[in-house]
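Welcome! Please take a look at the structure below, and then try each exercise before reading its solution.

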Amino acid sequence: MPKRRDILAIVLIVLPWTLLITVWHQSAIAPLLAIRKVCHHLVKEILIIPERLTIHRQRLADDGTETRHDTGPATDSKEYCSQDKDIVEVVRTEYVYTRPPPWSDVLPTIHVITPTYSRPVQKAELTRLANTFLHVPNLHWILVEDSQRRTPLVTRLLRETGLNYTHLNVETPRNYKLRGDMRDPRIPRGTMQRNLALRWLRETFNSNSSQAGIVYFADDDNTYSLELFEEMRSTRKVSVWPVAFVGGLRYESPKVNAAGKVYGWKTVFDPHRPFAIDMAGFAINLRLILFKPQAYFKLRGVKGGYQESSLLRELVTLNDLEPKAANCTKILVWHTRTEKPVLVNEGKKGFTDPNVEI
Amino acid sequence: MRMRLRLKTVFVLYFMVSLLGLIYALMQLGQRCDCRGHAMSKDQQISQLRGELQKLQEHIKTELSKKTDVPKIYVITPTYARLVQKAELTRLSHTFLHVPQLHWIVVEDAPQPTPLVTDFLAASGLTYAHLHKLTPKDRKLQEGDPSWLKPRGAEQRNEGLRWLREMGAAAEGKEAAALEEAVVYFADDDNTYSLQLFEEMRYTYRVSVWPVGLVGGMKFERPVVEDGKVVRFHTGWHPNRPFPIDMAGFAVSLRLILTNPQARFDGDAQMGFLESSFLQHLVTMDDFEPKADLCTKVLVWHTRTEKPKMKREDALQKQGLGSDPDVEV
C-alpha cells in the first residue's frame, strides 16, 4: 500500500542520519568539542577524529577486562619470562583525552614515565609534579605504581589533575625491593615499573603510526623546568643534557666538542661507563623504542650507575646523541631528593586519624 | 489529505536531509585545512611547531588573567641562597602559575638582590615583588646548627609585611577597596601546595586555618572543629603553645594586617612559637575560620628537601678542578 511505502521510505532516509548523530555524540566527540572550544584556532581534520575514536574505544574495551595475567610471550622481554609466577600485572589503563593542558596535533607528544611507590610524601610529590606537567602541552603521563593493586590515592589524584595519563602498576618482588629505605646501588629501584611502561608503549603504538612521540623517564622527586620539555621535543634519536646534584657534584654533564657531538662524560663517578648519565638526563624518540622492541632496562646483575647504560647501549651509540640545553651548558633539571619526614609523634598506635589521606 | 509520495519527492527529501546533516557535522567540527597535504620543509615545520606552542601558551595565560574579580592572594616567601634554591623556586613557581590573582612577594636573606633570583623572577611569568633583608648574624643559623635551633625567616616575613603596609598606605580608591578583600599567606619555598588550597584561603575575613601534612612529627597537624568553630589543635608537639599551628596552616586577611601595624614576627621567639608571636596580635582562637572541609583534608604538605651530597665536588674544588661556577644551578 502506498501509505506504508511512504512511511518506510521516510524512515529509511532519516534513520541513518539520526544514528550517525547520536553515535557521534555518545562517543568522544563531546570532549573533543570542549577542546575545540578552548583551542578554537587549532585545526581538526575530519580524518583525524575517527582515528582518535578508535583509540578511545580500544581503551574503554581494555577497561572492561578485569586482570590480564602475564604469560611471558616469547617475543617480549626476557625479563618477564621467568618471573611470571611472581607478577600479577593489572594492565588496566585509563587513557583519557580530557581537558587541556593544551593539546595540539602538530607537536610531538612527550610520554613521561614515572615510577612511584607508597610512602608519606607520595601525594605531595605527585601533586607538585602534576602542577609542573599541567604547563606542558601534549604531555602524556604514564604513572606506574610499585604495588599489587592500583591504589585509590593515586587513582583519585590522577583523575583530579585533569592531565592526560595512563595508570599502570607492577609490584617489585620482595627480593628485588630495597631493604628498608636505604639506597643500595646493587638493586635498581623502579626498573620493573619503567620496563612495564616501555612494554605498554610498544603494545599501544605500532611503528607505522605517524604519531610523533618522545619518551622521558621522570622520577617523582626531581625538579623539572618547563624549558626542559621543549628542548626534548625535538629529539630525533636520543638527546642528552646536564643534570644537577648527581654523582656528588653540582651537576654532571656530557662532554660536547666543537662540532656539537658528545664525546665523553664530565663526571667523577665512573666516567668510563658507556653512558655516564642520570635517568633524568636523556630522552628517547618513541620511534626508536618501537624500532628496537628488545631494549629494556636490565633487571639483574647491574652495577650501580649502569642502569641507564643497560638500556641506552641497545638503542644508540655515543655518536648519535644529540646535546641539548645550549650544547649542555644550562641546567634544566635538578635531581632533588625529599627528606623522609620524621613521624615520631605518631607513636605505635598512630596519633592521627588514619582515614585522612596525606 | 493524503500526500502521494512520488520517487522525485523521496529523492528531494533525502537530498535535503543529507545536506542538513552534512552542514550540521561540518559546523560541529570546524574548518577543514588543506595545508597538511603539502610536504613541509624541516624549517617550516619547526617554525610552525614554535608558533603552535606560543599560541597554546598564550591561550592559557589569557584564560587565567580573565579572572580579575576575585580577591588577590599575596604570598610571602622568604628564601636564601643554597644549592637547591633555584630548583625549589622553580617548582614553586609552576604551582603559582596556576593560581589567578596571585602576587608573589619573594624576600631574600641577603644584603642585596641576587642575580639568580632576579633573573628567575623576571622569567617566571608571575606577578611578583622582589625584596631582600639580611638576617642579623646572631639570629642566623650557623653551618653546623640543626634546623630547629633558631627560627628562620622572621626578618624576611616582617619585611614582606612592611612592604604590604607601605602599599596599603599608598593605595587609594578602587585599589584600596581591592586590598580590603586580599589575603596574605606565608609560603616557605620547600613546602608543597595543592591548587585547591589557594581557593580555600581566598575568601578569608580574619584568619583562616586548615590541616598541614607531614609536620610536628606526625602525618598531619590540624585544628579541631566543633560546631563550625575551632576549639583546639590536634598536634603531638608542644600543644600548649598559644597557637600550635605551622606557618603553612593559616592565612590572614590583608585588612587585618593593615589595621594592626604592630603585628609582626618575633625573631627571638622560641622554636615553634614564631607563628604564635604573630597571630596573638591579631586574633583569638574563636576568630579562626576553618577551611578544607572543616579541617578534614590535607591540602598542603611540609616537605623538606635533602641537602645534596657534594663530597666529590668539594674534593674537586680542593684540587682546583671544581665545576664551572658560571653555570647556574
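The exercises below go from the whole chains to single strands, helices and residues.

**Before you start**

This is a predicted model, in which local features need pLDDT of at least 70, side-chain atom pairs count only at pLDDT 80 or more, and totals for chains, interfaces and linings use all residues. Residues are numbered from 1 along each chain as its sequence is written, chains are lettered from A and ligands numbered from 1 in the order in which they are written, and side-chain values use heavy atoms, with hydrogens and water left out.

**Exercise 1. Describe the make-up of each chain.**

Step 1: Count the elements. Helices (H or I, at least four residues) and strands (E, at least two) are DSSP runs, numbered from the N terminus. Chain A has 10 helices and 12 strands, and chain B has 11 helices and 12 strands.

Step 2: Look at burial. A residue is buried under 20% relative accessible area, exposed over 50% and partly exposed in between, using a 1.4 Å probe and protein chains only. Of the 358 residues in chain A, 57% are buried; of the 329 residues in chain B, 49% are buried.

Step 3: Turn to contacts, meaning heavy atoms within 4.5 Å. Taking contacts with a separation of 6 or more, residues 24 or more positions apart account for 75% in chain A and 74% in chain B.

**Exercise 2. Find out how confident the prediction is for chain B.**

Step 1: Begin with the scores for the model, which are ipTM 0.79 and pTM 0.75.

Step 2: Use pLDDT, the predictor's confidence in each residue, from 0 to 100. Chain B has a mean of 85, with 88% of its residues reaching 70 or more.

Step 3: Go through the elements of chain B. Helix 2 (residues 42-65) of chain B has the lowest mean pLDDT, 69, while strand 4 of chain B has the highest, 96.

Step 4: Check residues 34-39 of chain B, where pLDDT stays under 50 and the model has three contacts beyond four places in sequence.

**Exercise 3. Work out the layout of the seven-stranded sheet in chain B.**

Step 1: Recall that strands of a sheet pair through backbone hydrogen bonds, either parallel or antiparallel. Here, two strands pair if DSSP finds at least two bridges between them.

Step 2: Read off the order. This open sheet of chain B runs 3-2-1-4-10-6-11, with mixed pairing. Strand 3 (127-132) and strand 11 (288-290) of chain B are at the edges with a single partner strand each, so one side of each has no neighbour in the sheet. On average, neighbouring strands of this sheet are turned by 25° against each other, direction ignored.

Step 3: Zoom in on one pair. Strand 1 (residues 73-79) and strand 2 (residues 102-108) of chain B run parallel and are joined by seven bridges. B:Ile76 stands opposite B:Ile105 of strand 2, and B:Pro78 has B:Val107 of strand 2 as its bridge partner.

Step 4: Which residues cover the two faces of strand 2 of chain B? On one side are B:Leu102, B:Trp104, B:Val106 and B:Glu108, and on the other B:His103, B:Ile105 and B:Val107, all buried.

**Exercise 4. Place the helices against the sheet and check their lengths.**

Step 1: Axes are lines fitted to C-alpha atoms, for helices over the stretch in contact, and angles run from 0 to 180 degrees between N-to-C directions. Helix 3 of chain B lies across strand 1 and strand 2 of chain B, at about 165° to strand 2. Helix 5 (residues 154-170) of chain B lies across strand 1, strand 2, strand 3 and strand 4 (183-186) of chain B, at about 145° to strand 1.

Step 2: The expected span of a helix is 1.5 Å times one less than its number of residues. The 12 residues of helix 3 (residues 85-96) of chain B should span 16 Å, and its end C-alpha atoms are 16 Å apart, which agrees. Helix 4 (residues 122-133) of chain A, also with 12 residues, reaches 16 Å, close to the 16 Å expected.

Step 3: Why is helix 3 of chain B described as largely enclosed by the rest of the structure? Because 12 of its 12 residues are buried, including B:Leu89 and B:Phe96. Helix 4 of chain A is also largely enclosed, because 12 of its 12 residues are buried; among them are A:Leu126 and A:Phe133.

**Exercise 5. Look at cysteines and one loop residue.**

Step 1: A disulfide is a pair of cysteine sulfur atoms within 2.5 Å. By this rule, there are zero disulfides over all chains.

Step 2: Are A:Cys328 and B:Cys295 buried or exposed? A:Cys328 is buried at 6% relative accessibility, and B:Cys295 is buried at 0%.

Step 3: A:Val170 lies in the loop between strand 3 (164-169) and helix 6 (191-204) of chain A. A:Val170 counts as buried, at 0% relative accessibility. Its C-alpha atom is separated by 25 Å from that of A:Thr223, 53 residues apart along the chain.
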